[in-house]
Amino acid sequence: MRDEASERYFRPDLVGHSPELVEEHFPVLAGVEAVTVAEGRFTDPYERVPIPAQDDYWWQAVIELKPAQIDELVSATAAARASGHGGADAPEPVSEDEVLDALVPTLEGEVQDCPGGWVDVSPALAQEKGPDVSDAGDLLELTAVCAGGTQLLTSARDM
């Protein structure tokens, strides 16, 4: 299927629950409570293409963490922003519409209500190669936690 909002092809029946992908890309997230992962491509997988480009692949996850882990990510983001952005230390808010538009429908049903609002924690999860690159070298498009909640939502493009 093609999701128009996120501009991605995915298989609605193909989701994973193994934390391996999350641990590979975000080693700081040891001991996730639960994970739901969807993967796919940006181009139609049924079109004839000699060799798909590496950055044609994407993965997304809804990750359940302990409240203390969420707090640590928010604190680490604030510290990273303060050191690199001239004292602007508050994590940037992410609207619920932005979150839901970024995720494929398979994962939207996994997202819990977030009365405290979503905040971007990419500085806490990115590596030294750039502010939006995972430890595995993927481009981070979405890394949002629910303030006061237990979920981390991610969307990444293979690089």
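In the predicted model, Arg8, Glu141 and Arg157 are joined in a network of salt bridges. The structure contains five salt bridges. One of them pairs the side chains of arginine 2 and glutamate 4, at 3.5 Å from N to O. Arginine 2 is partly exposed, because its relative accessibility of 34% falls between the limits for buried and exposed residues. Glutamate 4, at 56% relative accessibility, counts as exposed, since the cut-off for that class is over 50%.

A salt bridge also connects the side chains of arginine 11 and aspartate 13, with an N to O distance of 3.4 Å. Here arginine 11 is partly exposed, its relative accessible area being 46%, whereas aspartate 13 counts as exposed at 58% relative accessibility. The side chains of glutamate 33 and lysine 66 form a further salt bridge, at 3.7 Å from N to O. This pair links distant parts of the chain, as its two members are 33 residues apart. Glutamate 33 lies in the loop between helix 1 and strand 3, and lysine 66 in the loop between strand 4 and helix 2. Both ends of the bridge belong to the partly exposed class: glutamate 33 has a relative accessible area of 48%, and lysine 66 has a relative accessibility of 42%.

The overall fold was examined next. The protein chain has five helices and eight strands. Read from the N terminus, these elements follow the order β-β-α-β-β-α-β-α-α-β-α-β-β. The chain comprises 159 residues, of which 42% count as buried. Among contacts with a separation of 6 or more, 64% are between residues 24 or more positions apart.

In soluble globular proteins, nonpolar side chains tend to be buried together. In this model the largest nonpolar core has 21 residues, and the members that touch the most others are Val22, Leu29, Ile63, Leu65, Leu73 and Leu152. At least two residues of this core come from each of helix 1 (20-25), strand 3, strand 4 (57-64), helix 2 (67-84), helix 5 (122-125), strand 7 (139-146) and strand 8 (151-157). Strand 4 provides the largest share, three residues. Apart from this core lies another, of 17 residues, which includes Trp58, Val94, Leu103 and Val111.

Leucine 152 illustrates the packing around one member of the largest core. With neighbours within four places in sequence left aside, leucine 152 is in contact with Leu29, Ala61, Val62, Ile63, Leu65, Leu73, Val121, Leu125, Thr143, Ala144 and Val145. Of these partners, Leu29, Ile63, Leu65 and Leu73 are also among the core residues that touch the most other members.

Alanine 34 belongs to strand 3, which spans residues 34-41. With a relative accessible area of 37%, alanine 34 is partly exposed, and it therefore does not meet the limit of under 20% that defines a buried residue. Beyond its neighbours within four places in sequence, alanine 34 is in contact with Val62, Ile63 and Glu64. The C-alpha atoms of alanine 34 and serine 18 are 8.2 Å apart in space, although the two residues are separated by 16 residues in sequence.

Open space at the protein surface was also considered. Rolling a probe the size of a water molecule over the atoms shows where empty space is left. The largest pocket has a volume of about 190 Å³. Its lining consists of Met1, Tyr9, Phe10, Arg11, Pro12, Leu14, Glu39, Gly40, Arg41, Asp44, Pro45 and Tyr46. By class, seven of the lining residues are nonpolar, one is polar and four are charged. Strand 2 (8-16) and strand 3 each contribute at least two residues to the lining, and strand 2 gives the most, with five. Arg11 of this lining is the arginine that forms a salt bridge with aspartate 13.

A further local feature concerns the backbone. Most residues other than glycine have a negative phi. Glutamate 7, by contrast, has a positive phi, near 55°. Glutamate 7 is located in the loop between strand 1 (2-3) and strand 2.

Conventions. Residues numbered from 1 in each chain as written. Predicted model: local features only at pLDDT ≥ 70, side-chain atom pairs only at ≥ 80, totals over all residues. Heavy atoms only, no water. Helix = DSSP H or I, 4+ residues; strand = E, 2+ residues; numbered from the N terminus. Buried < 20%, exposed > 50% of the residue type's maximum accessible area, 1.4 Å probe, protein only. Contact = heavy atoms within 4.5 Å. Core = buried A, V, L, I, M, F, W, Y, C linked by side-chain atoms within 4.5 Å. Salt bridge = Lys/Arg side-chain N within 4 Å of Asp/Glu carboxyl O. 1 Å grid on protein atoms, 1.4 Å probe; cavity = no way out; pocket = protein on both sides within 12 Å on 5 of 7 lines; lining within 4 Å. Points joined across faces, edges and corners; volume = space filled by probe spheres on them. Nonpolar A, V, L, I, M, F, W, Y, C, P; charged D, E, K, R; others polar.
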